[in-house]
Structure formats: C-alpha cells, structure tokens
Amino acid sequence: MRLSVSEICEMVGGELVGDGDAVVERVASLANAGPGDVTFAKRRHLKAAASSKATVVLVPERVQDMAAAQIVVGNPYFSFLKLLQLAEQEQRGHPRGVHPTAVLGEGVQLGKDVALGAHAVVGDRTTIHDRAVIYPNTSIGVYCEVGEDTVIYSNVSIRECVKIGRRSIIHSCCSIGGDGFGYLQVEGKHVKIPQVGTVEIGDDVEIGCNCTIDRATLDETVIEDGVKIDNHSHIAHNCRIGENSMLIAYARMGGSTVLGKNVLLAEDVGLTNDISLGDGCIVGGCGKVSRSWPAGSVLLGTPAQRMEDEKRQIVLVKKLPRLYETVRELKRSIEQKLGADEKPKGP
Amino acid sequence: MRLSVSEICEMVGGELVGDGDAVVERVASLANAGPGDVTFAKRRHLKAAASSKATVVLVPERVQDMAAAQIVVGNPYFSFLKLLQLAEQEQRGHPRGVHPTAVLGEGVQLGKDVALGAHAVVGDRTTIHDRAVIYPNTSIGVYCEVGEDTVIYSNVSIRECVKIGRRSIIHSCCSIGGDGFGYLQVEGKHVKIPQVGTVEIGDDVEIGCNCTIDRATLDETVIEDGVKIDNHSHIAHNCRIGENSMLIAYARMGGSTVLGKNVLLAEDVGLTNDISLGDGCIVGGCGKVSRSWPAGSVLLGTPAQRMEDEKRQIVLVKKLPRLYETVRELKRSIEQKLGADEKPKGP
Amino acid sequence: MRLSVSEICEMVGGELVGDGDAVVERVASLANAGPGDVTFAKRRHLKAAASSKATVVLVPERVQDMAAAQIVVGNPYFSFLKLLQLAEQEQRGHPRGVHPTAVLGEGVQLGKDVALGAHAVVGDRTTIHDRAVIYPNTSIGVYCEVGEDTVIYSNVSIRECVKIGRRSIIHSCCSIGGDGFGYLQVEGKHVKIPQVGTVEIGDDVEIGCNCTIDRATLDETVIEDGVKIDNHSHIAHNCRIGENSMLIAYARMGGSTVLGKNVLLAEDVGLTNDISLGDGCIVGGCGKVSRSWPAGSVLLGTPAQRMEDEKRQIVLVKKLPRLYETVRELKRSIEQKLGADEKPKGP
C-alpha cells in the first residue's frame, strides 16, 4: 500500500486539510498510528486525534491545532473501510492457480481462475466455480459444489454432497457435513442412524474457525444467504438459519432447530433441539433456550426468559440477603407479641 | 439406489398395498418426499402420509385413501434404517486403496483392503488393520494402532501411541492424543508436566467433529466400547468413559474424571476434574457437575443438584416477585399493629 | 528408556534403599506401576507405596517393609518430572528434517535443524527459526515467523503475518490468525470489516488443541510470554493476555478484552468484549464476566461477582424452600391475630 494523502482524500470524497503529498503505507488504529499511517477518529476521540502522530486522520469535523493532515468526511469509519479493504487485498495470502500438489478426483470441474493451494484435495465429480479460492490442506469430498468467489481457508474438512454458495467465506479447521448425532436405542445399545442428507450454505455467508455444521439425517441442513457465524459454533443436523442472522462465538443449535431471519445469538448461546425462534429474535450472552419463541422476542438466562423478566430476577436474587433479614425481623416482632408457645419456625 | 417397491417390501418383511413395480431412487423425510422417494410415517403422522407424494411410504398400519404405495410393517422407522444404511453406502465418499500421495513411515503395517486418502500421513511403526479407512489430510503419529473397519474422516490429528478399536468412527478435525493440560507452579511460572501416557479408544465408538481427547499424564485416557461423543467435546487427561455412555455436544470432562456405564450427558454439560459419576447417571442440558454422584443420579443446574431440587429451585426463583410482595404486606400489617417505634426495617 | 535404579538415584540426587542394579524401562502411576516401572508417592500415599509392584518408587521419607526399591528425595513429584521429560523425549514422534512432500513458498527461510513434517506447507517469505518443529499437514501462511525450538503439531492452520516466539507449543487443529468477527450494519445487511491486523504470540506459550486466536482488526492480538491456554479456547480480535496467565478449557474472550499478568480463568469461563481483568484475577469455573474488575479480584457466577457474594447467594437460593415456608407461617400467625378482613395476600 502506497498512497498519497491526496489520493486517499479523492478515494473517500472528503475535504483535505494539510499536506496532500505525504505518503501513506499502512492502516492503523488511532492509539497506535505513527508516521506513514492513515487512521480515523470518531467524534468522541477528536482530542486524541489532535495529537496523533499519524500522517493523516479521517475526521467527522475539522480539528484545530492538529499535527497530522486531516480529511473531513461524513462517516470516517465507513470511509476507512475502503482503506481496510485495500490493505486486506494486498496483505492476504490467497494462493493463486492450481498448485501441483493439489489432488483432483475424477470428473472434477474447475471454473475460471480457481485457486487450489498446496495439498488441497477435491473429490470426484465436485465443481469449483470461477475465482473460488481453496487454501492448503483443505479436503473437499465428492459431489460437492463451491460457488463463485467463495474462499475456503486451510485445513477445512468438507464431506460429500455439500453445496456452498457465492462470495462465502469458510474459515480454517471447520467441519462441514459431518454426520448428525442420531441413534436408536436397541437392547441397551446405540444403533447409528445413517445420516444421508446434506448441507446447503447460501451466498455471502461467513463461518468462523473451528465450526461444525452437521449434515441432515434426511433432506438438508440449511444456512441461508448473508448469515454470519463466529468461531466454535455448532449447527446440528436438519437446522435452518434464516437470512442475515448472526451467531456469535460458541453458538449451539440442537437438531432440527430453526431460526428466522435477522436473528441475533450473542456469545455462548445454546438452543435445544426441535425448537424455533421467529424473525428478529435476540438472545443475550450465555442464554440457553429450551422452547420456541415468536418473532421479535428478546431473551436472556438459563432457561432463557424475556430479558426484562430475567433482569428483574437477577436483581431480586441479589437482594436475597436483605429479604432474609427482613423475614427474620418480622418473625422476632411477631414472637414478641404472640408469646413463645405460638411462635413460628425457621428460617 | 434403484429398487422396486416390491424389493423394498421384501427387504423389510412388510405387507405391500399398491404398485410393487414402481421404482425408488432416494430416501426422504415425510415432509419432503416426492416421486421416486421412499419415506416412513410414525403413527401420529398417518394423516400426512395419506397425502404424501412419495412413491412408497412405510407405515405401522394400513392407511385408507392413500395416493402412494404403502408397506405395512411393525416399526417403520427401524425398517427405514435399513434403507438409510443402503443409501449411505452408495452416497458416501470413502476413499479406496492407498492414494499415491499418502505418506507411510518406516515399519507401517497395513491390513487387507485398507484405504488411505490423498495426503494422509501414517507415522513410523503404526498398524492399520483390515478395511480401515483414513480420509485425506489426516495425520496419524508413530506407534499407533487403528482397528478393523474403523473410519477416520479428513483433517484429523492423531498423536503418537494412540490405540483405536474396531468399527469406530472419528469425525473430521478431531485431535486425539494431544498433551493433557498439566503444570507445576515453580517460582511463579508454569512448568510443563510432560504427558507421556496415551489414549485408548474401544470398539464401536463414535467421536464427533472437532473433539479433543487428551493423552494421559501417565497410563491411559480410556473411552470404552460403544461410547458416542458429539461435536466439540473435550475429554481431558486420564479420564475414563464407561461402556455405552453418550455425551452430547460440548461435553467437557476435567482431568481424571470417570464416568460409569450408560451415562448420559446432555448438551453443554461440564464436569470438573477428579470426580466420578456412577453407572446410568444422567446430567440435563447445561449442567455443571462439581462433585461425585452415585449410580443412577439424575442431575441438573449450576452447580448441578438432583433434578427435582433444581426444578423446584427454578420455580421458587421465578416466584420471587410474589414473595417480596407478600413480605412487604406482612411488614405493613405488623407495623400497623405495633406502631412506628417498633417497626422492622427493609426490604 | 533403560536406566538402572542407581542411575535414576544419581539423576534425582536421592538416597537409595534396595537394589541399585535393577533396570527401569517405563514411567507409570503408583496405581498401575509394575515390574520395570519407576513411579513416585506423595506423603499421603506411602501405604500404597509399600505394596507397589514397581521396580523403584520415589518417596519423601523411608518406608518400612517395602517390596520395591526406594529413592528418598525431598519432592518426589518434582524429581519424577525429570524422568517424565526423559520418557517424553524418547516417546514423542517429532518429525526430523524437511520431508520431501513439504511445500515451501518463495523466499522461505529455514534455520538450523528445522523439522517439517510430511505435507506441511510454509507460505512465501515466512521464516522458521532454528530447531522449530512443524508436524504433518500443518499450514503456515505468508510473512509469518516461528521462533526457535517452537513445536507446532499437526493439522494446525496459521494465517498470514502471524508471529510466534521461542519454545512455544501449538497443539493440533488450532486456527491462529483467522479473521476477527466484525461487521458494520448497513441497510439491514452485515458488511464485513476487513481484519488487517495480526497475532503475536510470545515465548514459552502453550496453546491447546482446537483453539482459535483471531487476528486483530488493526494492530495485534497479543499473547504474552508464558501464557498457557487449554483446548477449545477462543481469543477474539485485539485481545491481550498478560504474562503467565492460565486459561483452562473453553475460555472465551470477546473482542478487545485485556487480561493482566498471572490471571487464572478456570474451565468454561467467558469474558464479554471490551473489558479488562487486572493482574492476578481469578475467575472460577463457568463464570461469565460482563464488566471490568481490578487486580486481585476473585470472581464466580453468571454474571460473575465476587466469589464470597456468589457463594452466599448460592446458599440463600438453596434455602428458598425454607424461606417460603417461614413466610407462610408468619402470614398464618398474623391472620389469626388480625382476623380475616385484614389478611394479607399470597404467596
């Protein structure tokens, strides 16, 4: 990355104050930016911006007595995103072309400009569409499909018959299409129910590192377009996640559980099997949901309840020492009036 | 898969009603089955079965006015299992033979009909028995043993000296035999305790995707025959899991913890180190167990207690708003009788 | 391993009682040790030691009527550590040299005696320093650095620009340097914020199997020297973990959260984003921390509070049945005195 301040100003459509010829080579945070860096400041950080050693700072309004050059722009963070995207493209280590050690099965179809990293393995009759990127040591099974511009990072395992859409990102060490966890109890033993369904992942989906998405027993486990799933999450067999839902780290969905659109599961949320959450539901951090809830529900706790009920409950539990004290005093007062022979017991 | 309805009827030993010559090519769920599919219906779904577009439905009793052919059989789901097994065999992407890119160390012994996928690595002096299947990009260390008919999916890591029995299944991205987490505190630093034990996994064990089973500090971490472990579970050093126990997703066992036979840990259950659960114990979802319990205990909660105690506690906590109200009213009543100079405080 | 009892005695600097010529070939636990084994006994296990079938037992004081030879030494466990280290060196399956199937990108620099296992992949311009060991099927990205004597086990994924210090250990199936989980909400969609920072891991760090350490959005996610992290843990973007902190299994740190030095997170502890714990903080098992706490805090619960408060709360909640009973009796007593027309309601 090597841009003049003027070039950055033009790119983001802002107003330049300071030296347009200075050269920028890196993006950095406001706290750490130094010479050669471009950074940005939100309105509440303008004081810190004034003393920044960065070469140039994107700001929402002109700052007095600022050492660095400044570019005034409506939404500095959003403008800064463009610079981040540029930096990402230059920094990232996408493999290019098909590495000679990649192994292709029979009948594999590769689109234009597909990249297969070293030791990537693609099973028989799988199709990888244009510009998809598969990193080293990733294994893709037979009869799979990977959409255009999708990126699959290294050491991912994708089992047979899995379909992944376009512009999706699968991070490293994910397991996609592993068997669902299903057994019949026969004479005290667990007899495996073969899992012959599959997994369908839509467009613009992102799945974090070390996630597992199990194949359906029958039919499909479905991740709809625009869904974002954070690291260590687990989507069991036959789940469905509606469009644009977001699951933060360690989300756990039991078998056949269904999320509507735009659902938000905060970190460490568990959903039991065979339930559903309607569109726009929100489950707060560490919530464990054990029944279905209608659209728009906002939940918290174990077992999860409406957030206002859970918060009230937390307050009442915290006040228990006071309550016990009050009850003890009430008891004393009554005993004094009633005499010893009638006095109530405990606590 | 290509079977006539008559052939399916003969396979499951049922009574045919309808066209025996129709051809079936897929298995499907009752909700999604269409022409060319075989499905099944439990007793409570017979209404839905009547209007199914499947070619044939396995049913527990004859259904009137049914469009599809029907095969009447005692336990339709159990009979359907046979068809699932057939479909699984045809669909799955097991590698065959030893791929030329597989790497075998010195003194490796391979049984009959062993399959090693592309880029699989087998360490020195390891033995892989007859018909075992190792998927691509899986790494097996030195001095290991993999039993007959065992399947290890792709991108699994197995460290040195690990023993795995017969007909077991290890799903993708598992880590078997990683070091146990043990340190001595010496002058404020953590000094690693070398982990020189190993892991022994029995017959008919299934271990889900992205599980970790740590090697013992000394001796062995043991998973007995018939144990089933779901995704993202963690079995620490020196644990022992008794026969036919089942651990649902995110089971966590601290070091040296022991489970008896036929234990059931529901999803997201954690057990601290150095405790034991007797035969047949059940821990409900999200339970955190911090002491030992005898055989047959049924537990729930954090910290886990007997399920009836936990359930009663949940109810009492939910009723706290009412209790606070009652105590407030009691206080008011007493104050009216006792007069202001004697009135109790709070809550 | 093949040592005489005398050689062991000399190695640990103890006092020998018994046959110094007997030969030891293995280390074992006191419970399982037999002929040919060396083991150790803490003071409280001396009775068991007396009947041990081991060839030799390290003991803190001389034991009467002991069948095995004994070596009396100040701290038997600590002395036994030396034997464990010896056993570990002999047993472990470290690859040696650069395997012909390892793939090196352009400009890779390898130090002296580096080992690269089969199918290991090292990206362009990455440096691997002296004596570092990379196991099979591990993928290292471009512009990375791996320090002297560091060991990276198999099937690990390390993304671009990650720096790892000296004598560190990364266990199998870890994902280091995956994208942080960050999006801007734009017109109801999640727009990815490119993650262009990186990860820096210090010296003497150990990271368990299947952990994920995300790269920073900007700047670095930092794991300082001497930190030990157990399996299945997740360190989000821009976190910092101070020296010698220890995180037991399933530790979860939200984005930009900071730990001081010598912090201890017990198993299954979650920290939300943008908070900090000061030096020496301890969070008990399953604690969920949702605000910052000063140095030395000892926390427990969901949401976490000071351990003494949480423990008192647990006791009070367990006593609720008694409290309800008391309130019911108080109500009855008052009703008897006040008469029906004034009686309070509930619970």
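This short talk goes through how the chains of this model are arranged, how they touch, and how one sheet in chain B is built.

Please keep in mind throughout that what you have in front of you is a predicted model. I will begin with the arrangement of the copies, then take two interfaces in turn, and finish with the sheet.

In general, two copies of a chain are related by a rotation about an axis and a shift along it. Here, chain B is superposed on chain A by a rotation of 120° with 0.0 Å of shift along the axis, and the RMSD of that superposition is 0.1 Å. These two copies are therefore related as by a three-fold rotation axis. If we turn to chain A and chain C, a turn of 120° with a shift of 0.0 Å along the axis lays chain A on chain C, with an RMSD of 0.1 Å.

Now to the contact between chain A and chain C, where chain A contributes 66 residues and chain C contributes 67 residues. The size of an interface is often given as the accessible area lost when the parts come together. For chain A and chain C that buried area is about 5200 Å², with carbon and sulfur atoms giving 63% of it. Which three residues of chain A supply more of the area that it buries against chain C than any other three? They are A:Q91, A:Y250 and A:Y324, which supply 12% of that area.

As for charged pairs, the rule finds three salt bridges across the interface of chain A and chain C, and in a salt bridge between these chains the side chain of C:K192 meets that of A:E206 at 2.7 Å, N to O. There are also 29 residue pairs in polar contact between chain A and chain C, counting pairs with both residues at pLDDT 80 or more. On the side of chain A that touches chain C, at least two residues come from each of several elements, among them the helices α3 (76-91), α4 (307-318) and α5 (320-338). Sorted by class, that side of chain A holds 33 nonpolar, 21 polar and 12 charged residues.

Let me move to chain B and chain A, where 66 residues of chain B are in contact with 67 residues of chain A. Between them, chain B and chain A bury about 5200 Å², and 63% of this lies on carbon and sulfur atoms. On the chain B side, B:Q91, B:Y250 and B:Y324 supply 12% of the area buried against chain A, more than any other three residues. The count of salt bridges between chain B and chain A is three, and in a salt bridge between these chains the side chains of B:D268 and A:K288 meet at 3.6 Å, N to O.

Finally, the sheet in chain B, which is open and mixed in its pairing, has 11 strands in the order β10-β13-β16-β19-β24-β27-β30-β33-β36-β38-β39. Which strands stand at its edges? They are β10 (115-116) and β39 (305-306) of chain B, and each has a single partner strand, so one side of each is left without a neighbour in the sheet. In chain B, β10 pairs with β13 (residues 133-134) in the parallel sense over two bridges, and B:L116 has B:I134 in β13 as its bridge partner.

Technical notes:
Residues are numbered from 1 along each chain as its sequence is written. Chains are lettered from A and ligands numbered from 1 in the order in which they are written. This is a predicted model: local features need pLDDT of at least 70, side-chain atom pairs count only at pLDDT 80 or more; totals for chains, interfaces and linings use all residues. Side-chain values use heavy atoms; hydrogens and water are left out. Copies are superposed by least squares on the C-alpha atoms of residues with pLDDT of at least 70 in both. Contact means heavy atoms within 4.5 Å. Buried area is the accessible area (1.4 Å probe) that two parts lose on being put together, summed over both. A salt bridge is a side-chain nitrogen of Lys or Arg within 4 Å of a carboxyl oxygen of Asp or Glu. A polar contact is a pair of N or O atoms within 3.5 Å; within protein, one must be able to donate a hydrogen and the other to accept it, and residues adjacent in sequence count only if both atoms are side-chain atoms. Helices (H or I, at least four residues) and strands (E, at least two) are DSSP runs, numbered from the N terminus. Ala, Val, Leu, Ile, Met, Phe, Trp, Tyr, Cys and Pro count as nonpolar, Asp, Glu, Lys and Arg as charged, and the others, Gly among them, as polar. Two strands pair if DSSP finds at least two bridges between them.
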